[in-house]
Structures are given as structure tokens and as C-alpha cells.
Amino acid sequence: MKSYIKHLIECQCILKIFENTTKPLYHKFVVFSLTDNETVKEKYVTCNNCDIVHRVYDICKSEIKWGKEGYKSLIYTKEDISFNLANNGKQNISDLLTINDVDIPDWELVDYLIEKNLEGHVVLSKKEIDNDVNYKILYLLKDGKIKIKNELEQRYLWV
Ligand SMILES: [Zn+2]
């Protein structure tokens, strides 16, 4: 069983493009959480749209910490991970994630996989070419090895 999960947390902010819709469409963002026997390890994150602090206490569940800026010191940031990666001789991985503007949950996933010496992957970028989608994927292999692969997926495969 996996010891981590990427799940969606709902905020109470609304993305600009949805501001004029009649039914409010609240913004959702991805969070990386560690799990233990189906329970999620509590953590604090900030919304990637409005920057408000959320206490994530279960899968897809969070409590908004209004006006509690003090919680920000509990949040693991890209800068923290970047520092740790560089300190452990993984500056190249930190650069790769920075160049491709990878979101924080994938930074946390990479950090976790390296720390636990586990295999896994994250999508670095996604480009649409005609009817295909080209993914650039970073694979983390055993013993600290890494590999980048380009994979093509046909978008209308199931039609
Ligand atoms: Zn928000």
C-alpha cells in the first residue's frame, strides 16, 4: 500500500475565470499528504490561488485558518525542499523542478521518494501537439538514479 496520496482540497476562493458564473465554483488545489493505515497525517498548506492557510486533516478535507498567519511557519515550501535537495547533492533535481515550474505537491513527492529511496515519477511538463499530448516525465529509480522520458499519448484514444 502506498504511504502517500495526492488529493484535492477545496478552498473558499474563486478563480478569476469563474467569477461571473451563477453558481459559485470554488477553487480546488492538489495537496500531497502522508498516510498511515488510511489516516492522513495532518499538515498545513496554503491555497495556490488566495494564499490562505488550510489545516488538512483527512482526504479531501481541510479547515481554513482565517487570519492565522503564524501557521505559515509550519508550511513546507519549495524553497525548503530546494535547500534540502541541494544539501543532499541533488541540485540537478531541484533545478529541473524549478525550470519546469512544478507545483508544490510534486516537489513534496520527489522529496519523499528520495528520502525513502522509493521509485516513482512526476510529470514535468505537458504539451499538446495536434491530437497528441506529450508528457515529459521525471522517473526516480532505486539508488538515487533518475531518468527523464518523453511520452506521447493520443488524446482521442477512447473516442
Ligand atoms: Zn483559496
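The site of the zinc ion is tetrahedral, with angles of 105 to 113° among its four donor atoms. This geometry belongs to a predicted model. The protein donors are the SG atoms of C11, C13, C47 and C50, which lie 2.2 to 2.3 Å from the zinc ion. Along the chain, these donors follow the spacing C-x1-C-x33-C-x2-C. Distant parts of the chain are linked by the pair C13 and C50, which are 37 residues apart. Of these two, C13 is in the loop between β1 (4–10) and β2 (28–36), whereas C50 is in the loop between β4 (43–46) and β5 (53–58).

The accessibility of the zinc donors was then considered. C11 has a relative accessible area of 3% and is therefore buried. C13 also counts as buried, because its relative accessibility is 12%, and the cut-off for this class is under 20%. C50, by contrast, has a relative accessibility of 35% and so counts as partly exposed. The structure holds zero disulfides. A disulfide is a covalent bond between the sulfur atoms of two cysteines. The SG atoms of C11, C13, C47 and C50 serve instead as donors of the zinc ion.

The largest nonpolar core comprises 17 residues, of which I93, L97 and L138 touch the most other members. Two or more residues of this core come from each of the helices α1 (78–87), α2 (91–99) and α3 (104–116), and likewise from each of the strands β7 (120–129) and β8 (132–140). The greatest contribution to this core is that of α3, with five residues. Apart from this core lies another, of 10 residues, which includes C11, C13, V31 and V45. Two of the zinc donors, C11 and C13, are thus also listed among the members of that second core.

The surroundings of L138 were examined further, leaving aside its neighbours within four places in sequence. L138 is in contact with I93, L96 and L97, with G120, H121, V122 and L124, and with I146, K147 and I148. Among these partners are I93 and L97, which are named together with L138 as the residues that touch the most other members of the largest core.

A further buried position is found in strand β6 (residues 61–65), where K65 lies. K65 has a relative accessible area of 11% and is therefore buried. Not counting residues up to four places away in sequence, K65 touches Y44, I52, V53, R55 and Y71.

Notes:
Residues numbered from 1 in each chain as written. Predicted model: local features only at pLDDT ≥ 70, side-chain atom pairs only at ≥ 80, totals over all residues. Heavy atoms only, no water. Helix = DSSP H or I, 4+ residues; strand = E, 2+ residues; numbered from the N terminus. Buried < 20%, exposed > 50% of the residue type's maximum accessible area, 1.4 Å probe, protein only. Contact = heavy atoms within 4.5 Å. Core = buried A, V, L, I, M, F, W, Y, C linked by side-chain atoms within 4.5 Å. Disulfide = S-S within 2.5 Å. Donors = N, O, S within 2.8 Å, 3.2 Å for Na, K, Ca; no water. Tetrahedral: all angles 85-135°; square planar, octahedral: opposite > 155°, others 65-115°.
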